[in-house]
Amino acid sequence: MDIRSLGYVGIDVADVDGWREYAELLGTMVLTEGDGLRIKIDEWPFRVVVQPSERGEGLAFTGWELPDAAALETATDELVAAGFTTEAASGDLCAERRVRGMTRTTDPGGFQLELFHGPVHDHELFMSPTGVSGFRTGPQGMGHIVLGTPDLAGSVRYYTDVLGFRVSDYWKPADDDVVFMRCNQRHHSLALVAASEPALYHFMLEALTLDDVGYALDRHYDTDTPISMGLGKHTNDQMVSFYSHSPSGFEVEFGCGGLLVDDATWTVTEITKPSFWGHR
Ligand SMILES: [Fe+2]
């Protein structure tokens, strides 16, 4: 399956106004759509869909980009052959997500996936309200997500054997592995952790410069926005980042300087510390 990148994520939130303020603090553009928000970080119309929800907060869906309609058709056939249920998205839903075609499916942990092709660009310039110089996206997608899944082994098999992700490395803080997986040069677009319930732990946005990260950190201090882990540098993807508490409880990692993996030379390792320094 030819998944190229994490195109977008959708999150269910209780406090839409809190998210508007929070996303602007991070330096993203925030657009109102219906009773929710669209968060824009690059030339795409949005990368995060914020939707109001009364049934709990967390991940609503992940959108994974394929290169064209033929690749999406092949992907759908492969999911069906592997015994997974698929549903072609309606024209209305495709219009809402600004894509030309989409297949919806569910992973073994219960997360909703939207495989899509043909993002429809609006060519609106990204202008950060707080001066972030830009976010690293393009072929590396919107960033990464870290999810807790009740079926770690089944989910890892699903993302690697069926969806074609490659394992970048493992971390084994306790009995179970944390599994970091990539679908492009970004070290991981997805990491999975064993959990009793499906959970969104964080999503990561990668700014272009260290100054972007430093100024974002200062904006947190200046507005008493809670930081869950201070500045640090990860061992595996070498991201220099900090973690911020979103209004929904889960975290947002704000970083820069992520490693680019070369598939020709990469070998899988197990890390024993998540950070060289910091992230306290
Ligand atoms: Fe992360």
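This is a short selection tour of one sheet and the helices packed on it, in a predicted model.

**Stop 1: the sheet**

Select the eight strands and colour them by order. They form an open sheet, arranged E2-E3-E4-E1-E5-E8-E7-E6, and the pairing is mixed. Now pick out strand E2 (29-33) and strand E6 (86-88). These two stand at the edges, and each has a single partner strand, so one side of each lacks a neighbour in the sheet. From one strand to the next, the twist averages 25°.

**Stop 2: helix H1**

Add residues 16-26. This is helix H1, which packs on the sheet. Its contacts are with strand E1 (5-13), E2, strand E3 (36-40) and strand E4 (48-52). Align the view along E3: the direction of H1 makes about 10° with that of E3.

**Stop 3: the E7-E8 hairpin**

Select residues 99-106 for strand E7 and 112-119 for strand E8. The two run antiparallel and are joined by seven bridges. Two pairs are good to label. Gly101 faces His117 in E8, and Thr103 has Leu115 of E8 as its bridge partner. Then move to the turn. Five residues lie between the strands of this hairpin, and Gly110 takes a positive phi near 100°.

**Stop 4: out to E6**

Step across E7 to its other labelled pairing. E6 and E7 also run antiparallel, joined by three bridges. Label Thr86, which stands opposite Thr105 in E7.

**Stop 5: helix H2**

Select residues 69-81. Helix H2 lies across E6, E7 and E8, and runs at about 15° to E7. Check the length: 13 residues reach 18 Å from the first C-alpha to the last, close to the 18 Å expected at 1.5 Å a residue.

Which residues of H2 are buried? Show Leu72, Ala75, Thr76 and Leu79 as sticks; these are the buried ones. Look down the axis of H2. The buried residues fall within an arc of 100°, so they line one face of the helix. The spacing rule is familiar: an α-helix has 3.6 residues a turn, so residues three or four places apart point the same way.

What covers the buried residues of H2? The cover includes E6, E7, E8 and helix H4 (152-162), so add residues 152-162 to the view. Rotate to the other side of H2, where Ala70 and Ala81 are exposed.

**Last stop: after H2**

Select Gly83. This glycine follows H2, and its phi is positive, near 90°.

Technical notes: Residues are numbered from 1 along each chain as its sequence is written. This is a predicted model: local features need pLDDT of at least 70, side-chain atom pairs count only at pLDDT 80 or more; totals for chains, interfaces and linings use all residues. Two strands pair if DSSP finds at least two bridges between them. Helices (H or I, at least four residues) and strands (E, at least two) are DSSP runs, numbered from the N terminus. Axes are lines fitted to C-alpha atoms, for helices over the stretch in contact, and angles run from 0 to 180 degrees between N-to-C directions. Two residues are in contact if their C-beta atoms, placed from the backbone, lie within 7 Å. The expected span of a helix is 1.5 Å times one less than its number of residues. A residue is buried if 20 or more other C-beta atoms lie within 10 Å of its own, exposed if 12 or fewer, and partly exposed in between; C-beta atoms are placed from the backbone. The arc is that of the directions from the helix axis to the C-beta atoms.
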